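Here's a quick tour for you. Have the sequence and the 3D view ready, and follow along as we go.

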Amino acid sequence: MALFLTVIMMRYYLLALGCVVLSQAVVGSRPDFCNSECPEFDSVRTTDDYEVRRYRDTTWVSTKVSSVNFGLASSSAFQKLFAYIRGENEAGVDIDMTQPVLVKIPEETTWWLWKEYTVSFMLPQQHWSNPPRPTNTDVYVEVMPQMTAYVKSYGGWADGWSTDSHRQEVEQKLTEEGRTFEDNFYFSAAYNAPFEMTNRRNEVWVLRN
């Protein structure tokens, strides 16, 4: 049943992205790997191992889910956030889907294999000054301050193993270079619906201290 609901919700996700591509005018600069509104950033430096990006302040709608599994947590949280942008907010308005779906992943478990994942959709900039209040108490709006991230991109599908593997690669390189970074959590960023079989893009973001 959970898998069936996930498939249905991700179909809506793909449809939402398609509608944005067809109807939303491009506002400001946008990376070529985004086909809807994305967080704005400046690319500071690119190496063979990662890209350094400086992100601006952004406003997100988020929810937290505790689970032993990255995929189950992402699916459960996605459904709550998708309901919010489809009108489950006090204004009753539909909100355009953005990219990426961002997951904050703690590096240490809180109990056995359980982790508290925070899954977020960025709100379109037109809603930043007055974001619609969620009607679901599990969902909340937050402002992420500007930050600098070491970003590694990869294809395929993001899961718990792939995100952690790429995170380790970035952190190992940063350690070799003597750079400091946030080691309590990192972010997984997914840009595609699961039905997009080619040109898939995922990222891990390790924040600079």
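Right where helix α2 begins, a side-chain oxygen of N69 comes to within 2.8 Å of the backbone nitrogen of G71. Keep in mind that this is a predicted model. The helix itself takes in residues 70-85, which makes 16 residues, and it reaches 22 Å from its first C-alpha to its last, close to the 22 Å expected at 1.5 Å a residue. Plenty of α2 is tucked away: the buried residues include F70, F78, L81, F82 and Y84. After the helix comes G87, with a positive phi near 120°.

Carry on into the loop between α2 and β4 and you'll meet V93. Is V93 buried, exposed or partly exposed? It counts as partly exposed because its relative accessibility is 28%. Leaving out residues up to four places away in sequence, V93 touches Y84, I85, R86, G87 and P132. Take P132: it sits 39 residues from V93 in sequence, yet their C-alphas are 7.9 Å apart in space.

Now for the strands. Nine of them form an open sheet, paired antiparallel, in the order β1-β2-β7-β9-β8-β4-β5-β3-β6. At the edges are β1 and β6, each pairing on one side only. From one strand to the next, the twist averages 30°.

Here are some of the strands with their residues:

| Strand | Residues |
|---|---|
| β1 | residues 41-46 |
| β3 | residues 58-67 |
| β5 | residues 115-122 |
| β6 | residues 139-144 |

How many bridges join β3 to β5? Eight bridges do, and the two strands run antiparallel. For one such pairing, look at K64, whose bridge partner in β5 is T118.

Note on methods
Residues are numbered from 1 along each chain as its sequence is written. This is a predicted model: local features need pLDDT of at least 70, side-chain atom pairs count only at pLDDT 80 or more; totals for chains, interfaces and linings use all residues. Side-chain values use heavy atoms; hydrogens and water are left out. Helices (H or I, at least four residues) and strands (E, at least two) are DSSP runs, numbered from the N terminus. The expected span of a helix is 1.5 Å times one less than its number of residues. Buried means under 20% relative accessible area, exposed over 50%, partly exposed in between (1.4 Å probe, protein chains only). A polar contact is a pair of N or O atoms within 3.5 Å; within protein, one must be able to donate a hydrogen and the other to accept it, and residues adjacent in sequence count only if both atoms are side-chain atoms. Two strands pair if DSSP finds at least two bridges between them. Axes are lines fitted to C-alpha atoms, for helices over the stretch in contact, and angles run from 0 to 180 degrees between N-to-C directions. Contact means heavy atoms within 4.5 Å.
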